[in-house]
Amino acid sequence: MDTHLYTYLLHLGDNALILGHRNSEWCGHAPILEQDIALTNISLDLIGQARLFYQYAAESTGATEDRLAYLRDVFEFRNCLLVEQPNGDWAHTILRQFFFSAYQMELYQSLQHHRDEHLQAIAAKSLKEVRYHLRWSGEWVVRLGDGTKESRARMGLALEDLWMYTGEFFKPATYEPALALEEPWRFQVHAVFKEAGLEIPSAPAFQSGGKMGIHSEHLGYVLADLQFLQRAYPGSSW
Amino acid sequence: MDLLKGIPDPEVPVLSILDLGIVRDIRLYPPSGVGVIITPTYNGCPALDVIRMTIRMTLEAEGFTPVEIKTTLSPPWTTDWLSEEALEKLKAFGIAPPNPVPAVCHLDLFAPDEGVACPRCGSFHTELVSRFGSTACKALYRCLDCKEPFDYFKSH
């Protein structure tokens, strides 16, 4: 396996793992039971996807999926900055999921035609799940944006906080194939925003670095939690 | 084949792994080897590891060795692979069986999914409570006639 594909698999896996972990932090805390279950279901899907990417990457190096998830440090992770941002309130969590799912849908649609067959298969399989995530989060964006004065204000704040991280999706790293995803992504976001009474900000979405291992302070805390067991008890297993 | 028919899905035990359509191929390697190819329903389904282990234990107990279990992702699993018998079993168990998978899966927000019949009274007068249920493969519905909440096995 060439090193570009290997790093790309880590990037895809890291995106899914870190967002899956963030969502799982809601377990037992979401506003109502059904939504608690929805978020943890999405976590499970994302962590399942991460496993497939890691297993495939690990095959070529003789490592294991666990080693890739538990024994790398912050600068070795290649996820986008958006997915490591804190959960904040419900509006932040929803908007983060919506931006990411809309991106993941375009991405996996395109990866179904990637030259690598195994990657094609993972994308085609995962796409079915991503459509659920996109619908669920899109509906919540509308509910909050077009809801009460309070929910609308919170959505506005979430948009202000998170918009700047969305540009990184579309700045290809050296190991990434160049895919024209920005336009369809904006189209999708615009359609839902229109129903929600929200507008796509005109400010540039300028933050980036995660794909190259330059992360915000938050990822260290995520890993301290996610990797705790392996750090405290190296080599322990179920 | 008959041995695998006896292995239930850990999350929906009325269905065997054959009913679910997750066993894609079985190959015999004389004198006693066997290979089984399975496919996951949903990527994160925690049942898959248990299923893998149960297949191995079942076949080894019957003297098969070596037992090789492989996972394939393509073509992706769909509820269209559930057997007719499986649909009946689900219904009898109180889970509404999946409708045929629509050719085009739409993304319209708030659009009602599809007509789902209550597994108890058969009424189509039902509503979606939550798109996500107790396992990845189910959604939560409510019957507006007999008032019972029920699981719907999502068409996927």
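# A guided tour from the nonpolar core outwards

Begin by selecting A:F53, A:L95 and A:V141, the residues with the most contacts inside the largest nonpolar core, which has 100 residues. The model in the viewer is predicted, and every value quoted below is computed from it.

Next, highlight residues 33-61 of chain A. This stretch is helix α2, and its 13 residues in the core are the most that any element gives. The core also reaches into chain B, where domain 1 (2-77) and domain 2 (83-153) each supply at least three residues.

Return to A:V141 and display its surroundings. Which residues does A:V141 contact once its neighbours within four places in sequence are left aside? They are A:I94, A:L95, A:F98, A:V192 and A:A196. One of these partners, A:L95, has already been selected as a residue with the most contacts inside the core.

Now show chain A alone, as a cartoon. Its secondary structure comprises 10 helices and 0 strands, and the order along the sequence reads α-α-α-α-α-α-α-α-α-α. The radius of gyration of chain A is 17 Å, close to the 18 Å given by the globule rule for 238 residues, so this chain is as compact as a globular protein of that length. Drawn along the principal axes, a box of roughly 55 × 40 × 30 Å holds the C-alpha atoms of chain A.

Colour chain A by burial: buried residues account for 45% of its 238 residues. A contact map of the chain adds a further view. Of the contacts between residues at least 6 apart in sequence, 77% join residues at least 24 apart.

Move to chain B and colour its two parts separately: domain 1 spans 2-77 and domain 2 spans 83-153. The centres of these domains, taken over C-alpha atoms, are separated by 26 Å. Where the domains of chain B meet, 9 residues of domain 1 are in contact with 9 residues of domain 2. The domain 1 side of this boundary consists of 5 nonpolar, 2 polar and 2 charged residues.

Finally, display both chains and select the contacts between them. How many residues of each chain take part? Chain B brings 19 residues into contact with 27 residues of chain A. What is the make-up by class of the side of chain B that touches chain A? That side has 12 nonpolar, 6 polar and 1 charged residues.

Note on methods:
Residues are numbered from 1 along each chain as its sequence is written. Chains are lettered from A and ligands numbered from 1 in the order in which they are written. This is a predicted model: local features need pLDDT of at least 70, side-chain atom pairs count only at pLDDT 80 or more; totals for chains, interfaces and linings use all residues. Helices (H or I, at least four residues) and strands (E, at least two) are DSSP runs, numbered from the N terminus. The radius of gyration is taken over C-alpha atoms; the globule rule is 2.2 Å times the number of residues to the power 0.38. A residue is buried if 20 or more other C-beta atoms lie within 10 Å of its own, exposed if 12 or fewer, and partly exposed in between; C-beta atoms are placed from the backbone. Two residues are in contact if their C-beta atoms, placed from the backbone, lie within 7 Å. Domain bounds come from an automatic or database domain assignment. Ala, Val, Leu, Ile, Met, Phe, Trp, Tyr, Cys and Pro count as nonpolar, Asp, Glu, Lys and Arg as charged, and the others, Gly among them, as polar. A nonpolar core is a set of buried Ala, Val, Leu, Ile, Met, Phe, Trp, Tyr and Cys residues joined through C-beta atoms within 7 Å.
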